[in-house]
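The exercises below each set a task and then work through it step by step. Keep the sequence and the coordinates at hand.

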Amino acid sequence: MAYFVLPLIMLLLVPTISSDPDSLQDFCVADTKSSTVFINGFPCMNPNYATAKDFTTSILSNQGNTSGNLFGASVVFTTPQVLPGINTLGVVFARVDVGVGGEVPPHTHPRASEIVFVLQGNLTVGFVDTTNKLFSADIKTGDVFLFPKALIHFVQNTGDTTASLIGAFNSQAPGAQIIPLALFASNPAIPNEVLAKAFQINAYEVDTIRKNLGGT
Ligand SMILES: *[C@@H]1O[C@H](CO)[C@@H](O)[C@H](O)[C@H]1NC(C)=O
């Protein structure tokens, strides 16, 4: 019986402990330009042509521009486009800079959990679970916080200087849905009546929010 049940249990466990699918080779340096094949991730370049340069980037070394959007935050990922060696490894870093008074508004990463490390600053962070319980903390330089996979979370700068964090994800493509933009600035737009009912506001207020977010 155990011979039969044990493999079955292990099979059932696999989806709960895996993130991106495992690579079958040492690496698969992304060919982000020439391939027209659509696969899960990017196709590999010929491994004979891979060099150490494919495994390094300085893209996170500088503070991002926090005044380029409504929310006062900048997020930069080490995508396969800038770090081709990351393709299929199931990890990615992001650098998050949040200006004074700024925030990364409530959002989700549908494909990854996120662990953040504060480089500098004072922040309030939090996530909401599927029972609508909020888990929030005030964190500062050197602290770590966790956002479980797919749960809605936010990051707010509560300090008097720009705050910076490094986020690490267990997917090379965590994806991001910024809740206010997904709902009020989608293309095409979600019908006004749907949002009015959802938020218990009127159509005029829906339009106001759309305009504030740069939607139509
Ligand atoms: C962070 O908070 C501490 C304690 O309140 C304060 O001493 C420090 O100046 C703050 N730093 C920033 C960047 O706001």
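**Exercise 1. Classify Ser 164 by accessibility, then describe its surroundings.**

Step 1. Ser 164 has 1% relative accessibility and therefore counts as buried; buried means under 20% relative accessible area, exposed over 50%, and partly exposed in between, with a 1.4 Å probe and protein chains only. The model is predicted, so local features need pLDDT of at least 70 and side-chain atom pairs pLDDT 80 or more, while totals for chains, interfaces and linings use all residues. Residues are numbered from 1 along each chain as its sequence is written, and side-chain values use heavy atoms, without hydrogens and water.

Step 2. Ser 164 is found in strand E9. Strands (E, at least two residues) and helices (H or I, at least four) are DSSP runs, numbered from the N terminus.

Step 3. The side chains of Ser 164 and Asp 97 form a polar contact of 2.6 Å. A polar contact is a pair of N or O atoms within 3.5 Å; within protein, one must be able to donate a hydrogen and the other to accept it, and residues adjacent in sequence count only if both atoms are side-chain atoms.

Step 4. Leaving out residues up to four places away in sequence, the residues that Ser 164 touches include Gln 63, Arg 95, Phe 117 and Val 118. Contact here means heavy atoms within 4.5 Å.

**Exercise 2. Find the partners of Phe 117 in E7 and in E9.**

Step 1. Strand E4 (residues 114-120) is joined to strand E7 (residues 144-147) by four bridges, and the two run antiparallel. Two strands pair if DSSP finds at least two bridges between them.

Step 2. In E7, Val 144 stands opposite Phe 117.

Step 3. E4 is also joined to strand E9 (residues 163-169), by six bridges and again antiparallel. There, Ile 166 is the bridge partner of Phe 117.

**Exercise 3. Which strands stand at the edges of the open five-stranded sheet?**

Step 1. The strand order is E6-E5-E8-E3-E10, with antiparallel pairing.

Step 2. Strand E6 (134-140) and strand E10 (177-178) each have a single partner strand, so one side of each lacks a neighbour in the sheet.

Step 3. Seven bridges join E6 to E5, and Val 128 stands opposite Leu 134 in E6.

Step 4. Asn 132 belongs to the loop between E5 and E6. Its phi is near 70°, a positive value in a residue other than glycine. Asn 132 counts as exposed because its relative accessibility is 67%.

**Exercise 4. Describe the largest nonpolar core.**

Step 1. A nonpolar core is a set of buried Ala, Val, Leu, Ile, Met, Phe, Trp, Tyr and Cys residues joined through side-chain atoms within 4.5 Å.

Step 2. This core has 16 residues, and those touching the most other members include Leu 123, Phe 145 and Leu 165. Strand E5 (122-128) is one of the elements that give two or more residues; the share of E5, three residues, is the largest.

Step 3. A second, separate core has six residues, among them Leu 83 and Val 92.

**Exercise 5. Locate the cis peptide bond next to Pro 188.**

Step 1. The bond runs from Asn 187 to Pro 188, with omega near -5°.

Step 2. Pro 188 lies in the loop between helix H2 (179-184) and helix H3 (192-199).
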